[in-house]
Amino acid sequence: MLPSRELAEIAVKALDSKKGKEIKLIRIDKITTLAEYFVICTGTSNTQINALGDEVEKELTEKGEEPLYRGGTWVLLDYGCVVVHIFNDEARKFYSLEHLWADGEEVDLSAILPHAEEK
C-alpha cells in the first residue's frame with residue numbers, strides 16, 4: 001500500500017497529464033477522519049472528466065491501488081486515505097468543496113507540477 005501523500009501526488013500528476021484544470025491537493029487529516037487528502041480537479045467536458053478519472057485509476061492500479069468506490073454525480077475515486085473529485089466547472093462551483101474544506105491545508109503543488117503556478 002502506497003503512503004497517502006505519494007498516492008495523492010500520483011493522482012495529481014495523472015490529472016495534469018490529461019490537462020485537468022485548477023488541480024488542488026488539500027490535506028484534511030487534521031480536521032476529519034474521512035481521508036487524509038482530497039484531490040480536486042475540473043474537466044472541460046464529460047468526455048475529459050471520464051478520461052481524467054480513467055487516467056488516475058490506471059496510474060494507481062499500476063501501483064497496486066484500487067479505488068473503493070467510483071461514481072456519483074461527478075467522478076469520485078475513493079482510495080480510503082485519498083479521495084479524488086473531478087467535476088465540470090459548473091458542478092465544481094456548485095459543490096464548492098474548497099470552501100467546505102477551507103479549514104484543510106492546501107498543499108503547494110509547485111514541487112509536484114513545476115508549471116502549477118501558470119494554471
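**Strand 2 and the helix 1–helix 2 pair**

Modeller: This is a predicted model. Seven of the seven residues of strand 2 (residues 37-43) are buried, so strand 2 is largely enclosed by the rest of the structure.

Colleague: What makes a residue of strand 2 count as buried?

Modeller: Buried means under 20% relative accessible area. Tyr37, Val39, Cys41 and Gly43 on one side are buried, and so are Phe38, Ile40 and Thr42 on the other.

Colleague: Why are there two sides to list?

Modeller: In a regular strand the side chains alternate between the two faces of the sheet. In strand 2 both faces are covered.

Colleague: How do you know that strand 2 pairs with strand 1?

Modeller: Pairing needs at least two bridges. Five bridges join strand 1 (residues 21-27) to strand 2, and the two run antiparallel. Lys21 stands opposite Thr42.

Colleague: What makes strand 5 a partner of strand 2?

Modeller: The cut-off is at least two bridges. Seven bridges link strand 2 to strand 5 (residues 82-88), so they pair. These two run parallel. Phe38 has Val83 as its bridge partner in strand 5.

Colleague: Why is helix 1 called oblique to helix 2?

Modeller: Helix 1 (residues 4-17) packs against helix 2 (residues 46-62) at about 135°, with axes 8 Å apart. Roughly perpendicular covers 65 to 115 degrees, and roughly antiparallel is over 145. The angle fits neither, so helix 1 is oblique to helix 2. Their crossing is right-handed.

Colleague: Which residues of helix 1 and helix 2 meet?

Modeller: Leu7, Ile10, Ala11, Ala14, Leu15 and Ser17 in helix 1 meet Leu52, Glu55, Val56, Glu59 and Leu60 in helix 2. By class, that contact has eight nonpolar, one polar and two charged residues.

Note on methods
Residues numbered from 1 in each chain as written. Predicted model: local features only at pLDDT ≥ 70, side-chain atom pairs only at ≥ 80, totals over all residues. Heavy atoms only, no water. Buried < 20%, exposed > 50% of the residue type's maximum accessible area, 1.4 Å probe, protein only. Helix = DSSP H or I, 4+ residues; strand = E, 2+ residues; numbered from the N terminus. Axes fitted to C-alpha atoms, helices over the stretch in contact; angles between N-to-C directions. Parallel < 35°, antiparallel > 145°, perpendicular 65-115°, else oblique. Left-handed = near helix turned anticlockwise from the far one by under 90°. Contact = heavy atoms within 4.5 Å. Nonpolar A, V, L, I, M, F, W, Y, C, P; charged D, E, K, R; others polar.
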